Amino acid sequence: MYALQTSHLHHRFANHDVLRGIDMQVPTGSIYGFLGPNGAGKTTTLRLVLGLLQTQQGEIRIFGKRFDKERIAILRNVGSLIESPSLYDHLTASENLRLMQIIHRCPTSRITEVLELVGLADAGRKRAKQFSLGMRQRLAIAGALLHRPELIILDEPTNGLDPSGIIEIRNLLMELNRRDGCTILVSSHLLSEIDRLATHVGILGKGKLLFQGTIDELRRCRQEVLSIRMSTSDNADAVRAITENGIAARIVEEEIVLPALTGERIASLNRMLMARNLDVYEIRTVRNDLETIFLNLVRE
Amino acid sequence: MTAFIHAFHSEWLKRKRSFASTLVIGGSLFTPVIVAVVRLIHYRGLPAIYAAEAFWPNLWRACWESMAIFFLPLGAILATSLITQIEFKSNAWKQVHALPISTVVIFLTKLGVILVMIIEFLLLFNAGMYVSGMIPVALPGVPNPKGAFLSLPLLRENALYFMDVLPIVGAQYLMALRSNNALVPIGIGFMAWVGALAAVSSKVAIWWPYSYTIIHYLSDKPKGAKFAAYTELHWLAAISFVLLTVISYVLFITKRERG
């Protein structure tokens with residue numbers, strides 16, 4: 001079951017295809033990291049999902065219902081933060097939340113609760129114009145959580161937050177997901193952030209969904225051995241011996257770097273070096289890290 | 001209906017501490033305060049003024065002159081533009097459209113708040129007028145005014161002026177919903193009001209949405225004699241407002257990007 005599903009979502013801005021057939025599937029109860037470089041179409045997708053842009057082609061379903069048919073019923077269970085926070089500077093933090101609390105018809109006590117959740121318990125009476133960028137971001141997140149939505153859509157929620165703020169918001173989202181079972185769709189261009197937070201990931205590049213699945217699937221399907229690194233008692237002699245065996249070897253940062261080899265080939269190289277009285281201290285394979293996988297995907 | 005009431009309540013809170021709400025209070029009380037201050041300065045002439053049979057109608061005309069020509073149209077231009085622009089200024093249209101309320105409710109509640117603020121403007125003005133008439137009574141030798149304030153055609157005249165200012169609200173709302181810079185609707189509105197001042201010398205003013213409050217005030221005066229035949233002025237104003245509102249709504253719902 002998917003909390004959010006898009007089919008063949010296309011969008012054009014001034015003769016430029018921003019989205020080219022996005023089939024997004026956000027499983028219920030997941031934390032779905034929506035990754036992509038700047039300009040990939042993440043915000044456009046999220047704006048379409050929330051009805052802030054008119055759908056030109058394709059279909060959006062949230063909780064199994066068509067968004068264009070049941071917009072209001074769907075939005076009752078969706079909390080969102082798109083791009084920069086929407087705050088009324090002349091109103092206090094509590095008043096900003098009160099505006100939404102009236103519409104959502106949730107208990108007034110929720111205002112204090114969400115302010116505490118995002119670490120703004122003491123700032124409720126402060127006007128929003130006095131808030132720092134990080135505090136504004138927290139208040140906007142509080143607004144998204146106010147009515148205990150089943151689906152939370154956050155576009156770059158950690159923008160403007162300091163490192164401890166990023167960790168707090170990450171922990172808060174993970175706690176909400178674990179405790180309340182709410183589905184969280186979070187976009188970011190920071191892979192490290194998504195890696196720590198998300199259970200599922202969708203990678204968007206040039207208007208196309210390049211990958212979609214769990215983080216582990218992403219690692220598994222793209223992970224490959226890039227090179228072998230080796231360290232011996234005499235690296236220069238070892239390189240000569242390996243090269244004589246027809247393998248291109250070189251020394252980089254006091255390590256011998258070899259191309260990817262089979263396990264048998266590595267074992268025979270090890271025996272050969274020992275036969276030449278060279279002590280082998282370390283042999284290791286270097287694999288793609290998640291960042292390399294991401295970069296390879298979006299560059300393709 | 002419940003959705004409308006909740007959305008209206010939410011919209012009404014947004015005007016708290018806003019420049020528009022300060023303007024409504026300041027603009028509506030400006031003329032009565034000036035009248036009271038001037039009368040207190042020239043207190044020697046007050047016994048004669050207060051002894052006049054038509055004390056309240058005279059005060060009414062004196063206050064309405066600046067209100068009908070200046071404060072009411074300009075107040076409507078500024079209040080409508082500023083209230084609508086709160087969303088642009090706060091970058092909040094996207095949040096408003098992501099709330100579980102229909103587009104028609106979003107459109108009507110904001111317009112409703114503006115209309116209630118115009119009513120508030122008129123109520124404060126009338127209350128201010130009464131207070132400005134009663135303050136000098138506290139001075140020695142100033143008698144109680146003859147006649148009763150409530151004998152004035154308060155309800156009818158205020159209702160008609162309200163109808164006359166509606167086209168300005170409609171036109172400003174249309175512009176303010178389309179422009180993300182508050183200065184654009186305010187600037188155009190100001191120019192349109194100047195245009196109305198210039199147009200009242202001619203009969204064509206009857207077709208200019210910004211001129212109805214001015215024509216209304218002039219209608220029983222020699223300058224406005226040419227408009228005497230236009231008894232349907234207020235209905236024309238109401239129809240203009242409805243037309244402008246329908247155009248605004250169509251443009252609002254067909255907007256490709258919401259916030």
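## A guided tour of chains A and B

Start by selecting strands 7 and 8 of chain A: strand 7 (residues 78-81) runs parallel to strand 8, and 4 bridges join the two. Strands here, like helices, are DSSP runs numbered from the N terminus (E, at least two residues, for strands; H or I, at least four residues, for helices), and two strands pair if DSSP finds at least two bridges between them. For a specific pair, pick A:L81, whose bridge partner in strand 8 of chain A is A:L154.

Before moving on, a word on what you have open. This is a predicted model, in which local features need pLDDT of at least 70 and side-chain atom pairs count only at pLDDT 80 or more, while totals for chains, interfaces and linings use all residues. Residues are numbered from 1 along each chain as its sequence is written, and chains are lettered from A and ligands numbered from 1 in the order in which they are written.

**Stop 1: strand 8 of chain A**

Stay with residues 151-155. All 5 of the 5 residues in strand 8 of chain A are buried, so the strand is largely enclosed by the rest of the structure. Buried means that 20 or more other C-beta atoms lie within 10 Å of a residue's own; 12 or fewer make it exposed, anything in between partly exposed, and the C-beta atoms are placed from the backbone. Colour the two sides separately: A:L151, A:I153 and A:D155 are on one side, A:I152 and A:L154 on the other, and both faces are covered. Now add strand 9 of chain A, which pairs with strand 8 in the parallel sense over 5 bridges. There, A:D155 stands opposite A:S187.

**Stop 2: helix 6 of chain A**

Next, select residues 163-180. Helix 6 of chain A has 18 residues and reaches 25 Å from its first C-alpha to its last, close to the 26 Å expected at 1.5 Å a residue; the expected span is 1.5 Å times one less than the number of residues. Show A:I166, A:I169 and A:L173, which are buried. They cover an arc of only 70° around the axis, which puts them on the same side of helix 6 of chain A; the arc is that of the directions from the helix axis to the C-beta atoms. An α-helix has 3.6 residues a turn, so residues three or four places apart point the same way.

What covers those buried residues? The cover includes strand 4 (31-35), helix 5 (133-145), strand 9 (183-188) and helix 7 (191-197) of chain A. Rotate to the face turned away from the buried side, and you will find exposed residues, among them A:N171, A:E175 and A:R178. Just after the helix, A:G181 takes a positive phi of about 70°.

**Stop 3: the hairpin of strands 13 and 14**

Select residues 250-259 of chain A. Strand 13 (residues 250-252) and strand 14 of chain A pair in the antiparallel sense over 3 bridges, and A:R250 stands opposite A:V257. The two strands form a hairpin with 2 residues between them, and A:E253 in the turn has a positive phi of about 50°. Along strand 14 of chain A, A:I256 and A:L258 point to one face and are buried, whereas A:E255, A:V257 and A:P259 point to the other and are not.

**Stop 4: two loop residues**

Is A:N277 buried or exposed? A:N277 is exposed, with 9 other C-beta atoms within 10 Å. Look for A:N277 in the loop between helix 10 (263-275) and strand 15 (280-287) of chain A.

For a contrast, jump to B:R15, in the loop between helix 1 (2-14) and helix 2 (19-41) of chain B. B:R15 is buried, with 22 other C-beta atoms within 10 Å. Leaving out residues up to four places away in sequence, B:R15 touches B:A20, B:S21, B:I83, B:V113 and B:M117; a contact requires C-beta atoms, placed from the backbone, within 7 Å.

**Stop 5: where the chains meet**

Show both chains. The contact takes 24 residues from chain A and 25 residues from chain B. On the chain A side, helix 2 (71-75) and helix 3 (93-104) are the elements that give two or more residues. Helix 3 of chain A gives the most, with 6 residues.

**Last view: chain A as a whole**

Zoom out to 11 helices and 15 strands in chain A. Of its 300 residues, 39% count as buried. The C-alpha atoms of chain A fill a box of roughly 80 × 45 × 35 Å, taken along the principal axes.

Terms used:
Two residues are in contact if their C-beta atoms, placed from the backbone, lie within 7 Å.
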